[in-house]
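These are my notebook entries on a single protein chain. I set out to record its helix packing, its aromatic pairs and a few individual residues.

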Amino acid sequence: DVDQRLRVSTIHAFFKDLFLGFGIVDDSKYSPKRHDNLCSRLKEYLDKEAITESDIQKLMKNRYGEVAWDYIFIDEAQDCSSLEKDIIFKIFGKENVIIAEGPHQMVRDGSLHSNKCDWTYGLSKEEYNKIPGKVGLRQKTNLVHFVNSFAKHSQLPWSVNIKDDLPGGKVYILTGDYFADLDLHKKLMAE
C-alpha cells in the first residue's frame, strides 16, 4: 500500500517543526523573529554532531507527520539562505531535495538572506540536474513583452518565452511619487 502523503507549508513553519522536534526551542518561546538565530544554532548542533544521525532518525519517527518526508520540494528556493539549504541537505540528504527558483525574484531579506543561495555550491555536476524554465507561467503576454524589451534595451541577459494563453497585462511608467496622486492609486487598485 502506497502512502500518498503531501504537506505544504511555509519555510518558517517547516523549520519551526524542526526546531521544536530537536528541542532547539520551546513552542511557547518560538517567534519567527528568532528564525535566523535558531537556524544558526541548529546548524551548529549538526556540524558539531550534538545532533546525530540517530537524533535525526528519532525526529523522523516521533514527528512523522511534520518532517518525515521522502522528498523535500521547495518552491521559490531563491529566497532560502545558504544556512537553510545546508540544514535541509544535512537532515534530508541533497539527493532528496527538489527546488524551483526564479533567481531574479528574491523577496526575503535580512542578514542571512542578503546573498543569493547557490543550491549547486559544493555539488559536482553529476549530483544535480538543472532544468531551466524559459516560459513565464504567471505573467501576462504584454508584461513579458515589456520585460523582454526592457532587458534587451538595457543589455541584460534575460529573455522569457510568452505563454500565449495569458493575454493582456498593463504597464504603467510613472515619474515622481506614486502616492502623490491618490486618485490614480485608487483607479489602479480598482482595475
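The entries below go from the whole chain to helix pairs, then to rings and single residues.

**Entry 1. The chain as a whole**

I note at the outset that this is a predicted model. I counted the secondary structure first and found seven helices and two strands. Read from the N terminus, the elements follow the order α-α-α-α-β-α-β-α-α. I then looked up burial: of the 191 residues in the chain, 29% are buried. For the contacts with a separation of 6 or more, I asked what share comes from residues 24 or more positions apart. That share is 65%.

**Entry 2. Helices α1 and α2**

I turned next to helix packing. Two packed helices are described by the angle between their axes and the distance between the axes, so I recorded both values for each pair. Helix α1 covers residues 11-21 and helix α2 covers residues 35-47. Their axes are 11 Å apart, and the packing angle is about 45°. This angle makes α1 oblique to α2, since an angle counts as oblique when it falls outside the ranges under 35, 65 to 115 and over 145 degrees. I recorded the crossing of α1 and α2 as left-handed.

Which residues make the contact? On the α1 side I listed H12, F15, L18 and F19, and on the α2 side H35, L38, C39 and L42. Sorted by class, the residues of this contact of α1 with α2 are six nonpolar and two polar, with no charged residue.

I looked at H12 separately, as a member of helix α1. Its relative accessible area is 27%, so H12 is partly exposed. I also checked H12 against S31, which is 19 residues away along the chain; their C-alpha atoms are separated by 9.8 Å.

**Entry 3. Helices α2 and α5**

The second pair I examined joins α2 to helix α5, residues 82-92. Here the axes lie 10 Å apart and the angle is about 40°. The two helices are therefore oblique to each other. The crossing of α2 and α5 is left-handed.

The contact draws on H35, D36, C39, S40, L42, K43 and L46 of α2. From α5, I listed L83, E84, D86, I87, K90 and I91. How many residues of each class does the contact of α2 with α5 have? I recorded six nonpolar, two polar and five charged residues.

I then looked up K85, which also belongs to helix α5. Is K85 buried or exposed? With a relative accessibility of 4%, K85 counts as buried, because the cut-off for that class is under 20%. Setting aside neighbours within four places in sequence, I found K85 in contact with C117, D118, W119 and Y121.

**Entry 4. Aromatic rings**

I found eight aromatic pairs in the structure. For F19 and Y30, the ring centres are 6.5 Å apart and the planes meet at 35°, so I entered the pair as tilted. F19 sits in helix α1 and Y30 in the loop between α1 and α2, so that the pair links distant parts of the chain, 11 residues apart. Both F19 and Y30 are buried.

I entered Y71 and F73 as a tilted pair too, at 6.5 Å centre to centre and 45° between the planes. Y71 has a relative accessibility of 48% and counts as partly exposed. F73, with a relative accessible area of 57%, is exposed.

Which residues form the aromatic cluster? I listed F14, F15, F19, Y30 and F92 as one cluster.

**Entry 5. Positive phi values**

Finally, I checked two glutamates for backbone geometry. Phi of E49 is near 60°, which is positive although the residue is not glycine. I located E49 in the loop between α2 and α3, the latter spanning 53-62. E49 is exposed, with a relative accessible area of 58%.

Phi of E76 is near 55°, again a positive value in a residue other than glycine. I placed E76 in the loop between β1, residues 72-74, and α5. At 25% relative accessibility, E76 counts as partly exposed.

Definitions and conventions. Residues numbered from 1 in each chain as written. Predicted model: local features only at pLDDT ≥ 70, side-chain atom pairs only at ≥ 80, totals over all residues. Heavy atoms only, no water. Axes fitted to C-alpha atoms, helices over the stretch in contact; angles between N-to-C directions. Helix = DSSP H or I, 4+ residues; strand = E, 2+ residues; numbered from the N terminus. Left-handed = near helix turned anticlockwise from the far one by under 90°. Contact = heavy atoms within 4.5 Å. Nonpolar A, V, L, I, M, F, W, Y, C, P; charged D, E, K, R; others polar. Buried < 20%, exposed > 50% of the residue type's maximum accessible area, 1.4 Å probe, protein only. Phe/Tyr/Trp six-rings, centres within 6.5 Å; stacked < 30°, edge-to-face > 60°.
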